[in-house]
Amino acid sequence: MIASLTSADLLRIAPVIPVVILDEPAAAAPLATALLAGGVPVIEVTLRTPRALDVIRAIAGSVPEAIVGAGTVTTPSLAKEAVSAGARFLVSPGTTGRLLGALADSGVPYLPGTGCVSDVMRVLEHGQREMKLFPAEASGGRAFLKSLASPFPEVTFCPTGGITAASAPDYRALPNVACVGGSWLTPADAIEAGDWSRIEKLATEATAG
């Protein structure tokens, strides 16, 4: 486990960062444990549900081996609340100058969201070379990422949005992609059923490819 993470470290720990939508703190620890058992220690909990911060607290407190972070960080206040809850990294769906400043001041690694060339340039102006591409498929997918490699050779992406188990290896084969984000590792029906063995199997398959 890396004691002091950087954004570059974060992208290289696992080939997939699971994007988790969860509103039940009691399910947080078994979910994180299943992902860890499958070789996926990095977990992005999206701030899309009322108790998402409690989910982050539960994972941070009960499964310290997991590297839990917050996704869908859209405001400076959310960034502060997520870090206070135990988030060890932050992910945003897009960027503004104010939000980029808050992410940089958070004290944890972060992946600002980009969806076009101007977004990439804005993030680079703030000194950040590791980024999220979102929504990846809708923004142009692998063809768009290929076109970004030449003008921005210093940038590394974690594309997220519309990526599946089948398409993930093709994304990861690109030179400017270190990992991908995806929700297929933690399907809603498996979480609702408490089918942690299924989630462990999905994680194992994702890390084996």
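1. In this predicted model, a convenient place to begin is the pairing of two strands, where M131 stands opposite F157 in strand 8 and E130 stands opposite T156 of that strand. The two strands concerned are strand 7, residues 130-133, and strand 8, which pair in the parallel sense over four bridges.

2. The sheet to which this pairing belongs is open and consists of three strands in the order 6-7-8, with parallel pairing. Strand 6 (113-114) and strand 8 stand at the edges with a single partner strand each, so one side of each is left without a neighbour in the sheet. As background, the strands of a sheet pair through backbone hydrogen bonds, in either the parallel or the antiparallel sense.

3. Strand 8 covers residues 156-159, and its side chains divide between two directions: T156 and C158 point one way, F157 and P159 the other way, and all of them are buried. An edge position in the sheet thus goes together here with burial of the residues pointing to either side.

4. T156 lies in strand 8 and has a relative accessibility of 13%, which means that it counts as buried, the cut-off being under 20%. Leaving aside neighbours within four places in sequence, T156 is in contact with L11, R12, R129, E130, M131, N176 and A178, and E130 in this list is also the residue that stands opposite T156.

5. C158, likewise found in strand 8, counts as buried because its relative accessibility is 4%. Beyond four places in sequence, C158 touches L11, I17 and L111, then M131, K132 and L133, and finally C179, V180 and G181. The C-alpha atoms of C158 and G182 are separated by 10.0 Å, with these positions 24 residues apart along the chain counted as their sequence separation.

6. On strand 7, L133 is buried, with a relative accessible area of 0%. The residues that L133 touches, apart from those up to four places away in sequence, are T114, G115, S139, F144, L145, F157, C158, P159 and T160. By contrast with these contacts, the C-alpha atoms of L133 and R122, eleven residues apart along the chain, are separated by 13 Å.

7. The cysteines deserve a careful reading, since the structure holds zero disulfides. C116 is in no disulfide, and the nearest cysteine sulfur, that of C158, is 18 Å away; with a relative accessibility of 32%, C116 counts as partly exposed. C179 is also in no disulfide, although the sulfur of C158, the nearest cysteine sulfur, is 3.7 Å away. The cut-off for a disulfide is a sulfur separation within 2.5 Å, so a pair at 3.7 Å does not qualify. C179 itself counts as buried at 0% relative accessibility.

8. Turning to the nonpolar cores, the largest has 58 residues, and I56, I59 and L90 touch the most other members. Helix 3 (residues 52-62) gives the most to this core, with six residues. Apart from this core lies another, of eleven residues, among them L11, L111, C158 and C179. Of these, L11, L111 and C179 also appear among the residues that C158 touches. In soluble globular proteins generally, nonpolar side chains tend to be buried together.

9. The surroundings of I59 can be given in detail: not counting residues up to four places away in sequence, I59 touches A28, A32, V45, P64, A66 and V68.

10. Helix 4 (residues 76-85) has P76, A79, A82 and A85 as its buried residues. An α-helix has 3.6 residues a turn, so residues three or four places apart point the same way. The cover over the buried residues of helix 4 includes helix 3, strand 3 (67-71), strand 4 (90-91) and helix 5 (97-105). Just after helix 4, G86 takes a positive phi of about 115°.

11. A last point concerns aromatic rings, for which the count comes to zero aromatic pairs. A ring does take part in a contact with a charge, however, as the charged end of K132 sits over the ring of F134, 4.6 Å from its centre.

Methods: Residues are numbered from 1 along each chain as its sequence is written. This is a predicted model: local features need pLDDT of at least 70, side-chain atom pairs count only at pLDDT 80 or more; totals for chains, interfaces and linings use all residues. Side-chain values use heavy atoms; hydrogens and water are left out. A nonpolar core is a set of buried Ala, Val, Leu, Ile, Met, Phe, Trp, Tyr and Cys residues joined through side-chain atoms within 4.5 Å. Buried means under 20% relative accessible area, exposed over 50%, partly exposed in between (1.4 Å probe, protein chains only). Contact means heavy atoms within 4.5 Å. Rings of Phe, Tyr and Trp (its six-membered ring) pair if their centres lie within 6.5 Å; planes under 30 degrees apart count as stacked, over 60 as edge-to-face and the rest as tilted. A charge sits over a ring if NZ of Lys or CZ of Arg is within 6 Å of the ring centre and within 35 degrees of the ring normal. Two strands pair if DSSP finds at least two bridges between them.
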